[in-house]
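Hi there,

Here is the model I promised to pass on to you. Have a look at it first, and then read on for my notes.

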Amino acid sequence: MSGFLVLVNREHPLSAPPPASALVPALPDRPDVLLLRPAADALRRLLQALDTGTRIVPVSGWRSRAEQESLWASSLRENGPAFTQTYVARPGCSEHEDWTRH
């Protein structure tokens, strides 16, 4: 991976994980939502410039492959294949996902 603009989809899956040291909490009070450091810094600056206080909060960031597989499976069960294939990234093809193979 080079740069920060990366096309991610079924035809273009990510191939390498970010180093763990590059992932930081999106905001200090959201240690469960991890982003690459430059993205977290940009988000903080944006929210500060907009003076949003706590009205805007991150709810999703980096996730493990297991979490992406679980999201895919639960969406298949709850929403069916048409919805899942349209709106949920396949495991290995999510911009949120840990790209290492487990």
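Below is what I found, going from the overall layout to individual residues.

Please keep in mind that this is a predicted model.

**Overall layout**

The chain contains two helices and two strands, and along the sequence they come in the order β-β-α-α. Of its 102 residues, 31% are buried. The exposed surface comes to about 6,900 Å², with carbon and sulfur atoms contributing 58% of that area. If you look at contacts between residues at least 6 apart in sequence, 51% of them link residues that are at least 24 apart.

**Helix H1 and what follows**

Helix H1 covers residues 37–50. Does its length fit, or not fit, what its 14 residues should span? At 1.5 Å a residue the expected span is 20 Å, and the C-alpha atoms at the two ends are 20 Å apart, so the two values agree.

Right after H1 comes Asp51, in the loop between H1 and H2. Its phi is positive, about 50°, although Asp51 is not a glycine. Asp51 counts as exposed because its relative accessibility is 60%, and the cut-off for exposed is over 50%.

**Salt bridges**

How many salt bridges are there? The count is two.

One of them lies within H1: Arg44 pairs with Asp41, and their closest N and O atoms are 3.1 Å apart. The two residues sit three positions apart in the helix, about one turn. Arg44 has a relative accessibility of 28% and so counts as partly exposed; Asp41, at 30%, is also partly exposed.

The other joins the side chains of Arg30 and Asp32, with an N to O distance of 3.0 Å. Asp32 has 52% relative accessibility, so this residue counts as exposed.

As background, side chains of opposite charge can pair when their charged atoms come close.

**The nonpolar core**

Which residues make up the largest nonpolar core? There are five: Val24, Ala26, Val33, Leu35 and Ala40. In soluble globular proteins, nonpolar side chains tend to be buried together.

Val33 is a good residue to click on here. Leaving aside neighbours within four places in sequence, Val33 is in contact with Val24, Pro25, Ala26, Pro58, Val59, Ser60 and Gly61. Val24 and Ala26 from that list are also members of the core.

Gly61, one of those partners of Val33, belongs to the loop between H1 and H2. Its relative accessible area is 10%, so Gly61 is buried. Beyond its neighbours within four places in sequence, Gly61 is in contact with Val33, Leu34, Leu35 and His96. Gly61 and Leu23 are 38 residues apart in sequence, and their C-alpha atoms are 9.7 Å apart in space.

There is another pair of this kind to look at. Pro18 is in the segment before strand E1, which covers 23–25, and 9.9 Å separates its C-alpha atom from that of Trp62, 44 residues away along the chain. Pro18 is buried, since its relative accessible area is 12% and the limit for buried is under 20%.

**Helix H2**

Helix H2 runs over residues 65–87 and includes Thr84. Is Thr84 buried or exposed? Its relative accessibility is 0%, so Thr84 counts as buried. Setting aside neighbours within four places in sequence, Thr84 is in contact with Trp72, Ser75, Leu76 and Asn79.

The structure also has one aromatic pair. The ring centres of Phe83 and Tyr87 are 4.9 Å apart and the ring planes meet at 45°, so the pair is tilted; this class takes in angles that are neither under 30 degrees (stacked) nor over 60 (edge-to-face). Both residues are in H2, four residues apart, about one turn of the helix. Phe83 is partly exposed at 37% relative accessible area, whereas Tyr87 is exposed at 62%.

Those are my notes; enjoy looking around the model.

Best wishes

Conventions: Residues are numbered from 1 along each chain as its sequence is written. This is a predicted model: local features need pLDDT of at least 70, side-chain atom pairs count only at pLDDT 80 or more; totals for chains, interfaces and linings use all residues. Side-chain values use heavy atoms; hydrogens and water are left out. A salt bridge is a side-chain nitrogen of Lys or Arg within 4 Å of a carboxyl oxygen of Asp or Glu. Buried means under 20% relative accessible area, exposed over 50%, partly exposed in between (1.4 Å probe, protein chains only). Contact means heavy atoms within 4.5 Å. A nonpolar core is a set of buried Ala, Val, Leu, Ile, Met, Phe, Trp, Tyr and Cys residues joined through side-chain atoms within 4.5 Å. The expected span of a helix is 1.5 Å times one less than its number of residues. Accessible areas come from the Shrake-Rupley method with a 1.4 Å probe; for residues, only the protein chains shown count as cover. Rings of Phe, Tyr and Trp (its six-membered ring) pair if their centres lie within 6.5 Å; planes under 30 degrees apart count as stacked, over 60 as edge-to-face and the rest as tilted.
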